[in-house]
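Me: I should like to go through the terms used for this model one by one. For each, please set the value against the definition and then conclude.

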Amino acid sequence: TLLQPHAIPAFLRSLALPSSSPQAAPALVSLLAATSLGHGQTWLPHCLKHALDPHPRLSPATAVPPEPVANPLLDAELHPRRFVVAQLKEALVKSASLIGVPRVICGLFDLEAALEDKRDLSRAFVRNGLDDGMVAERREAGRQGLRTVYRDELDGIFDLMHERGLDDLRASPFLLCRTAPSRSQLTLSSPQGTCPNDDLRHLPHTARLALASSWRTTTPLALLPLSDSLAHDPRLLSLVTLSCLIPQRSQRELHWHLRGAIRRGWTRDEVEQVQGVIERVCEACGVDGVGEGMPRVRDVEVQDEERR
């Protein structure tokens, strides 16, 4: 049954994502799932408000702090409302390769229009390397991002595409739309490890704590872009992907990305919980049964991260 717009705020408050989920997760998941199903325009204002409400508005007399585009984590403390908007924008852009550019264009324009205070708008340009002619570097970086999901199997997947005459897919711009580092690179390790990047040493204490608590596996994740407001927490990248694949019932890719969610730090119970929430959003958009006959996390073999 299609949920009426006036009921969406209460629905968003009812979503039970894992307790370790980032604060913006309910809004992000709901916005992407609804956009995937063609209901983004209806859901966006409610998702935006749900994400912004925990953060106080800037007072009229307050000067807007410059946006730290080279390291958006700083905005989590400087201007948290703008940081949330940056995350929603980046989630929509990342979803373009999964749900289509036209819907994402509409979503991005609707996002700006829905802002009551334009000072909350993020103008971060994550992919500025493309303007500098760094296409080859960004493509390789995109593949590094894909390896956080596909690991050693990625080369075999590309070989299979070549054998089946799918080189256009293998070399498509989709690889550039995924998480990809710029020349400023960040290496994360477990919370017990270190992060040598100079920019990170200047993070506010609360931002550094948030970064450490968000990374829960002992597998290092290298080459994260500092300008990407989602890449500091690899679990967010899985939320983006799952929120787009589940509504589309993309069976083969869903199985891979359930596996990838575990590899990026979610537990099995959490992955199942996330999948259930996305299915609830689909039902609220009038699409029932998206989970019927689809892969579940129980179908995924035990991963190395779970053996540690």
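Me: What makes the contact of Asp120 and Arg81 a salt bridge?

Reply: A salt bridge requires a side-chain nitrogen of Lys or Arg within 4 Å of a carboxyl oxygen of Asp or Glu. The side chains of Asp120 and Arg81 meet at 2.9 Å, N to O, so the pair satisfies that definition. The pair links distant parts of the chain, 39 residues apart: Asp120 is in the loop between α6 and α7 (135-150), and Arg81 is in helix α5 (residues 80-99). Helices here are DSSP runs of H or I with at least four residues, strands are runs of E with at least two, and both are numbered from the N terminus.

Me: On what kind of model do these values rest?

Reply: This is a predicted model, in which local features need pLDDT of at least 70 and side-chain atom pairs count only at pLDDT 80 or more, while totals for chains, interfaces and linings use all residues. Residues are numbered from 1 along each chain as its sequence is written, and side-chain values use heavy atoms, with hydrogens and water left out.

Me: Why are Asp120 and Arg81 called buried?

Reply: Buried means under 20% relative accessible area, exposed means over 50%, and partly exposed lies in between (1.4 Å probe, protein chains only). Asp120 has 1% relative accessibility and therefore counts as buried. Arg81, with a relative accessible area of 7%, is buried as well.

Me: How is the pair of Glu301 and Arg259 classified, and where do the two residues lie?

Reply: Glu301 forms a salt bridge with Arg259, the closest N and O atoms being 2.8 Å apart. This pair, too, links distant parts of the chain, 42 residues apart, with Glu301 in the loop between α15 (268-284) and α16 (304-307) and Arg259 in helix α14 (residues 251-263). Glu301 is partly exposed at 37% relative accessibility, whereas Arg259 is buried at 7%. Salt bridges that share partners also join Glu90, Lys94 and Asp228 into one network.

Me: How many salt bridges does a search of the whole structure find?

Reply: The search finds 13. Another of them joins Asp53 and Lys49, whose closest N and O atoms are 2.8 Å apart. Asp53 has 47% relative accessibility and so counts as partly exposed.

Me: What makes Val101, Ile105 and Phe109 a nonpolar surface patch?

Reply: Patches are made of residues with over 30% relative accessible area and no salt bridge; like charges are joined within 9 Å, and nonpolar side chains (Val, Leu, Ile, Met, Phe, Trp, Tyr) within 5 Å. Val101 has a relative accessible area of 47%, which makes it partly exposed, and Val101 lies in helix α6 (residues 101-114). The patch made by the three residues covers about 310 Å². Accessible areas come from the Shrake-Rupley method with a 1.4 Å probe, and for residues only the protein chains shown count as cover.

Me: How do you know that Ser59 and Thr62 make a polar contact?

Reply: A polar contact is a pair of N or O atoms within 3.5 Å; within protein, one must be able to donate a hydrogen and the other to accept it, and residues adjacent in sequence count only if both atoms are side-chain atoms. The side chains of Ser59 and Thr62 are in polar contact at 2.4 Å, so the distance falls within that limit. Ser59 is partly exposed at 35% relative accessibility and lies in the loop between α3 (40-52) and α4 (75-78).

Me: Which residues of the largest nonpolar core touch the most other members?

Reply: Of its 57 residues, these are Leu28, Trp43, Leu88, Leu239, Leu242 and Ile278. A nonpolar core is a set of buried Ala, Val, Leu, Ile, Met, Phe, Trp, Tyr and Cys residues joined through side-chain atoms within 4.5 Å. Apart from this core lies another, of six residues, among them Val149, Tyr150, Phe158 and Trp256.

Me: Why is the phi of Arg249 noted?

Reply: Most residues other than glycine have a negative phi, so a positive value is worth noting. Arg249 has a positive phi of about 55° although it is not a glycine. Arg249 is placed in the loop between α13 and α14 and is partly exposed at 39% relative accessibility.
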